Amino acid sequence: MAGPQLPSLGDGPAASVRALTGQVVPVSGQERDLLCALSYVHLACGQHAQGLALLRLLDHEQTRDIGLLRILAYGLVSDGAGEEALAVLDRLEGLDDQPGARLPLTLLRSHALRRAGRMEEAKLAFRDYVALRASASQRDALSGSRR
């Protein structure tokens, strides 16, 4: 009996890993998904250095892997690397056009700004998050009353 199926986190053929030499080497979709899942487990268990090391193997400047970048930004915020997380979030803004992505990314940006010591900007980003959440709740309530 097989265990639970992990969801795919992105495009397998486009995935690659940075070798010790700095060269980017292609990896299969399953290998990429395994590295992302392992990194997430490390992050969830508070082992940020191990989780980030795995994610950094997969990350390179040309990556368009939204799932990887989301986990990387979360890991960097969890580790206290606010400025680096902000750079990843900036990359994500240009790539992640899913309708539901803006709300969690705004909250993550607020945390990254706080970790970077930019408290006023963090407060503004959190206010944006609260406004977006209220707007989303209002839309959900309206669409629920129309059924």
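Let us start at E84, which, leaving aside its neighbours within four places in sequence, is in contact with R56 and L76. E84 has its place in helix α4. With a relative accessible area of 38%, E84 is partly exposed, because the partly exposed class runs from 20% to 50%. Another residue to find from here is A116: the C-alpha atoms of E84 and A116 are separated by 8.8 Å, although the two residues are 32 apart along the chain. Please keep in mind that the model you are looking at is predicted.

Now step back to see the whole chain. The protein has six helices and two strands. Reading from the N terminus on, you meet its elements in the order β-β-α-α-α-α-α-α. Of the 147 residues in the protein, 35% are buried. Among contacts between residues at least 6 apart in sequence, 49% join residues at least 24 apart.

With that overview, return to helix α4, which covers residues 82-95. How far apart should the ends of this helix be? At 1.5 Å a residue, its 14 residues should span 20 Å, and the end C-alpha atoms are indeed 20 Å apart, so the expected span and the model agree. Several residues of α4 are buried, namely G82, A85, L86, V88, L89, L92 and L95. What covers these buried residues? The cover includes α3 (66-79) and α5 (102-115).

Each of those two helices offers a residue worth a visit. In α5 you will find L108, which is buried because its relative accessible area is 13%, under the 20% limit. Not counting residues up to four places away in sequence, L108 touches R70, A73, Y74, V77 and L89. L108 and A85 are 23 residues apart in sequence, and their C-alpha atoms lie 8.9 Å apart in space. The other residue is L76, whose contacts, leaving aside neighbours within four places in sequence, are L52, R56, A81, E84, A85 and V88. E84, where we began, is thus on the contact list of L76.

L76 also leads us to the largest nonpolar core. This core has 30 residues, and those that touch the most other members are L55, L76 and L89. The elements giving two or more residues to the core are α1 (29-44), α2, α3, α4, α5 and α6 (119-145). Which element gives the most? That is α3, with eight residues.

Just before α3 there is another place to pause. D65 sits in the loop between α2 (48-58) and α3. Is D65 buried or exposed? Its relative accessibility is 11%, so D65 counts as buried. A polar atom of the D65 side chain lies 3.3 Å from the backbone nitrogen of G67. The side chain of D65 also reaches the backbone nitrogen of L68, at 3.1 Å.

We can finish with the empty space. Rolling a probe the size of a water molecule over the atoms shows where such space is left. The largest pocket has a volume of about 240 Å³. It is lined by 13 residues, of which E93, R102, L105, T106 and R109 are the closest to its centre. Three helices, α4, α5 and α6, each supply at least two residues of this lining. The most comes from α5, with four residues.

Definitions and conventions. Residues are numbered from 1 along each chain as its sequence is written. This is a predicted model: local features need pLDDT of at least 70, side-chain atom pairs count only at pLDDT 80 or more; totals for chains, interfaces and linings use all residues. Side-chain values use heavy atoms; hydrogens and water are left out. The expected span of a helix is 1.5 Å times one less than its number of residues. Buried means under 20% relative accessible area, exposed over 50%, partly exposed in between (1.4 Å probe, protein chains only). Contact means heavy atoms within 4.5 Å. A polar contact is a pair of N or O atoms within 3.5 Å; within protein, one must be able to donate a hydrogen and the other to accept it, and residues adjacent in sequence count only if both atoms are side-chain atoms. A nonpolar core is a set of buried Ala, Val, Leu, Ile, Met, Phe, Trp, Tyr and Cys residues joined through side-chain atoms within 4.5 Å. On a 1 Å grid over the protein atoms alone, a cavity is a set of points where a 1.4 Å probe fits but cannot get out, and a pocket is an open set with protein on both sides within 12 Å along at least five of seven lines; lining residues have an atom within 4 Å of a point. Grid points are joined across faces, edges and corners, and a volume is the space filled by probe spheres set on the points.
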